Amino acid sequence: MNIHLSTNNGVPIYRQIVSQVKYLVASGRLLPSDEVPPIRVLAERLLINPNTVARAYRELEAAGILISRQGSGTYVSNTGSPLAWAERIKIMTERVDALLAESRQLDVPVQEVIALIKSRDRLLAQPREEEAANADAVS
Amino acid sequence: MQMPSHSADELPILVTHLTQFYGRATALSDLSLQVPRGAVFGLVGENGAGKTTLIKLMLGLLVPNAGSVTMFGMDPIQHPERVLGRLGYLSEDHDLPHWMRVNELIRYNRSFYPNWDDAYAEELRQQFGLDEKAKVKNLSRGQCALAGLLIALAHKPELLVLDEPSSGLDAIARRDILAAIVRTVADEGRTVFFSSHLLDEVERVADTVAMLNKGKLVLCAGMDEIKAQHHTLTLHFPEPVTGPLKIAGALSIEGRGKEWTVVCNGEMAAVRASAESLGASIVEESTPSLEDIFIARAGRRSLKV
């Protein structure tokens, strides 16, 4: 579990952990039933107060993203987190904002950006369509 | 040997209206604070702010000019052995006898502490990578700090007092020391009091912070509380303005031309009103880092060693 903390941006450390674990889960880098590091281990690796890690884990448990099994560690929840969709949208919103900021600076109208997204999406989807076509041909 | 536990609910550290002079200079001025059991308490301030003076008073090495310090409910001057037996102390300059070898240093110090734990001392020695045959004078600064920390920890004290534990150390030694502190904190019920001018370090490890500036306590609160109360606002003016700006409720104001940055303490409404009356709009709001807050409070640009 790769977490990068910064004390320059003012965001409380436990919140940085919470949002980065959410990101790792939402982006599929942490999968259901993956084990997350024990509190002490993560605290020592990140050089932070173990209580801060404990607090972040508690919050992630309350949000349904992690579950702790008594005496055997903490895991990514199996049930699929209820927040995952909202989180995914939140992450996308940040990306879209950055994209829009750049397109404005480069003076590319938003319709062009949308058209570009659609055409890129078609391109990225093609191999999969081919696979599907191949599968159809086989069956 | 166990001390009678009648003082189990006593605060590890209680400082009340403490004032200390060195000649005519005031080192500490009417300082009051308390450190609850289990806290990781960070004392921050520039060199000369009074951090080491406060620690010396806590250890009973100085007699207060006014006010009082009680440790576990006891006066450290009247009951030095009872107070010092319950705490581990790492001094700023890690002063250890140069002519001793590491194993001699350990044997020498164990004789002061009835609760010394040989197995734990050995575990720490290996963890810190200290050669038992090495002479103290041949240890690096980082190894000296670790040896000092070993001595402070091996009697499993309830309270660990660290004066600038990582000052003057290279990045790797700092990491070792911080990791050792983090490991110590994880031990149940242990209270840690450490002073530092490295605010990044304090922000990572401490749950409560006291800021000293020229002997005065300028802020003392939980880290969460401090973060929740302080805000950084970026103001944008339609036309460049020349300072100094006057904004009600601001702790500090910085900037030039059209963009100005204000750090404030829970006075968002006042700052907003004041900024708007000057014709500025607030274009960004964020939480300042501990360093930003300290600088805003101390009215100083940089924290120098």
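User: Before we look at Cys264(B), what does "buried" stand for?

Analyst: Buried means under 20% relative accessible area, exposed means over 50%, and partly exposed covers what falls in between. Keep in mind that we are reading a predicted model.

User: Thanks! Is Cys264(B) buried or exposed, then?

Analyst: Cys264(B) has 0% relative accessibility, so it counts as buried. Cys144(B) is buried too, at 13%.

User: With cysteines in view, how many disulfides are there over all chains?

Analyst: The general idea is that a disulfide covalently joins the sulfur atoms of two cysteines. In this structure, the count over all chains is zero.

User: Let's try a sheet. What is the strand order in the open sheet of three strands in chain B?

Analyst: In general, strands of a sheet are held in pairs by backbone hydrogen bonds, in a parallel or an antiparallel sense. Here the order is S2-S1-S4 in chain B, and the pairing is antiparallel. Strand S2 (25-35) and strand S4 (66-71) of chain B are the edges, each pairing on one side only. From one strand to the next, the twist averages 25 degrees.

User: How many bridges link S1(B) with S2(B)?

Analyst: Seven bridges join strand S1 (residues 13-22) of chain B to S2(B), in the antiparallel sense. To find your place along this pair, look for Leu18(B), which stands opposite Leu31(B) in S2(B).

User: Which helix packs on that sheet?

Analyst: Helix H1 (residues 51-58) of chain B does, touching S1, S2 and S4 of chain B. The direction of helix H1 makes about 120 degrees with that of S1(B).

User: Now for cores. Which residues touch the most other members of the largest nonpolar core?

Analyst: The general picture is that nonpolar side chains tend to be buried together in soluble globular proteins. The largest nonpolar core here has 77 residues, and Ile17(A) and Val209(B) touch the most other members. Helix H5 (residues 141-153) of chain B gives the most to this core, with nine residues. Apart from this core lies another, of 28 residues, which includes Phe41(B), Met71(B), Leu87(B) and Val161(B).

User: What does Val209(B) touch, leaving out residues up to four places away in sequence?

Analyst: Among its contacts are Val44(B), Leu219(B), Met223(B), Ile226(B) and Leu290(B).

User: Where does Thr232(B) sit?

Analyst: Thr232(B) belongs to strand S10 (residues 230-241) of chain B. With a relative accessible area of 12%, Thr232(B) is buried. Leaving out residues up to four places away in sequence, Thr232(B) touches residues including Thr261(B), Val263(B), Glu284(B) and Pro288(B).

User: How many aromatic pairs does a search of the whole structure find?

Analyst: Three, over all chains. For Tyr108(B) and Phe112(B), the ring centres are 5.3 Å apart and the planes stand at 85 degrees, so this pair is edge-to-face. Planes over 60 degrees apart fall in that class. Tyr108(B) itself is partly exposed, at 40% relative accessibility.

User: And chain A: in what order do its elements run?

Analyst: From the N terminus on, they run α-β-α-α-β-β-α-α, with five helices and three strands. Chain A has 139 residues, of which 30% count as buried. Among contacts in chain A between residues at least 6 apart in sequence, 48% join residues at least 24 apart.

User: One last residue: where is Ala86(A)?

Analyst: Ala86(A) lies in helix H4 (residues 84-105) of chain A. Its relative accessible area of 41% makes Ala86(A) partly exposed. Its C-alpha atom is separated by 24 Å from that of Ser6(A), 80 residues apart along the chain.

Note on methods:
Residues numbered from 1 in each chain as written. Chains lettered and ligands numbered in written order. Predicted model: local features only at pLDDT ≥ 70, side-chain atom pairs only at ≥ 80, totals over all residues. Heavy atoms only, no water. Disulfide = S-S within 2.5 Å. Buried < 20%, exposed > 50% of the residue type's maximum accessible area, 1.4 Å probe, protein only. Helix = DSSP H or I, 4+ residues; strand = E, 2+ residues; numbered from the N terminus. Contact = heavy atoms within 4.5 Å. Pairing = 2+ DSSP bridges. Axes fitted to C-alpha atoms, helices over the stretch in contact; angles between N-to-C directions. Core = buried A, V, L, I, M, F, W, Y, C linked by side-chain atoms within 4.5 Å. Phe/Tyr/Trp six-rings, centres within 6.5 Å; stacked < 30°, edge-to-face > 60°.
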